[in-house]
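Subject: Structure handover

Hello,

Here is the structure I said I would pass on. My notes on what turned up in it follow below.

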Amino acid sequence: MSYDRTIRLGGDFDTTVTAVREALADQGFGVLTEIDVRATLKAKLGHDMEDYLILGACNPPLARRALEADRSIGLLLPCNVVVRRDGDTTLVQALDPGTMVTLTGLSALEGVAADATARLDAALRSLN
């Protein structure tokens with residue numbers, strides 16, 4: 001089962017991160033959390049790796065609808081978006097919102113997932 005929506009870009013990492021933030025904001029998502037995996041693994045383990053950033057994006061109206069359908073859905077919120085280097089390119093990956101329907105089996109989440117998917121896809125398309 002595929003659980004991601006991914007695009008590959010030729011731009012540099014920092015420029016892509018800025019563009020991703022703007023694209024998410026244009027679709028009503030704010031970034032609540034940011035985890036710099038590269039810096040964390042370097043600081044804690046002395047491990048070197050490629051640029052890898054996890055953005056915890058949230059669209060409050062969608063989050064509210066999802067939580068009304070299932071209070072435990074908070075385990076799958078916010079929508080994680082990863083920006084990472086892969087060779088000479090930068091990948092932008094978003095968790096497929098349909099995953100929450102697949103994992104829970106709740107039809108009440110289908111509309112939320114469809115709306116979130118449309119918004120994330122629009123954000124990703126705008127990056128090309």
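I will start with the largest cavity: β3, α3 (60–69), α4 (98–104) and α5 each supply at least two residues of its lining. Please keep in mind throughout that this is a predicted model.

The cavities

The largest share of that lining comes from α3, which gives 3 residues. The volume of the largest cavity is about 190 Å³. Its lining is made up of 18 residues, and those closest to the centre are L76, L77, C79, M100 and A116. Searching the whole structure gives 2 cavities of 30 Å³ or more.

One of the lining residues, L77, is also part of an unusual entry in my notes on the backbone. The peptide bond running from L77 to P78 is cis, and its omega is near -5°. P78 itself sits in the loop between α3 and β4.

The sheet

Which order do the strands take? The sheet is open and has 5 strands, arranged as β1-β5-β4-β3-β2 with antiparallel pairing. Its edge strands are β1 (4–9) and β2 (30–36), each of which pairs on one side only. From one strand to the next, the twist averages 20°.

Going through some of the pairs, β1 is joined to strand β5 (residues 89–95) by 6 bridges, and the two run antiparallel. Within that pair, D4 has L95 of β5 as its bridge partner. At the other edge, β2 and β3 also run antiparallel, with 6 bridges joining them. β3 in turn pairs with β4 in the antiparallel sense, over 6 bridges. Here the bridge partner of Y52 is R84, in β4. β3 is mostly covered, with 5 of its 7 residues buried.

Helices on the sheet

Helix α1 (residues 13–26) lies across β1, β2, β3 (52–58), β4 (79–86) and β5. The direction of α1 is at about 160° to β4. Helix α2 (residues 37–45) packs on the sheet as well, where it touches β2 and β3. The angle between the directions of α2 and β2 is about 35°.

The largest pocket

The largest pocket is listed apart from the cavities, and about 160 Å³ of space lies in it. Which residues line the largest pocket? They are Y3, D4, Y52, N80, V82, Q93, A94 and L95. Two of these names, D4 and L95, are the bridge partners mentioned under the sheet. The elements giving two or more residues to this lining are β4 and β5. β5 gives the most, with 3 residues.

Two aspartates

I looked at D36 and D121 in some detail.

D36 is found in strand β2. Is D36 buried, exposed or partly exposed? Its relative accessible area is 35%, so D36 counts as partly exposed. D36 stands opposite L53 in β3. Leaving aside residues up to four places away in sequence, D36 touches Y52 and L53. Y52 also belongs to the lining of the largest pocket.

The side chain of D36 has polar partners on the backbone too. It reaches the backbone nitrogen of R38 at 3.3 Å. A polar atom of the same D36 side chain lies 3.0 Å from the backbone nitrogen of A39. For a sense of distance, D36 and A108 are 72 residues apart in sequence, and their C-alpha atoms are 34 Å apart in space.

D121 is placed in helix α5 (residues 110–126). The helix α5 is one of the elements that supply at least two residues to the lining of the largest cavity. Is D121 buried or exposed? The relative accessibility of D121 is 19%, and the cut-off for buried is under 20%, so D121 counts as buried. What does the side chain of D121 contact? It makes a polar contact with the side chain of R5, at 2.6 Å.

That is the end of my notes.

Regards

Technical notes
Residues numbered from 1 in each chain as written. Predicted model: local features only at pLDDT ≥ 70, side-chain atom pairs only at ≥ 80, totals over all residues. Heavy atoms only, no water. Helix = DSSP H or I, 4+ residues; strand = E, 2+ residues; numbered from the N terminus. Buried < 20%, exposed > 50% of the residue type's maximum accessible area, 1.4 Å probe, protein only. Polar contact = N/O pair within 3.5 Å; in protein donor to acceptor, adjacent residues only side chain to side chain. Pairing = 2+ DSSP bridges. Axes fitted to C-alpha atoms, helices over the stretch in contact; angles between N-to-C directions. Contact = heavy atoms within 4.5 Å. 1 Å grid on protein atoms, 1.4 Å probe; cavity = no way out; pocket = protein on both sides within 12 Å on 5 of 7 lines; lining within 4 Å. Points joined across faces, edges and corners; volume = space filled by probe spheres on them.
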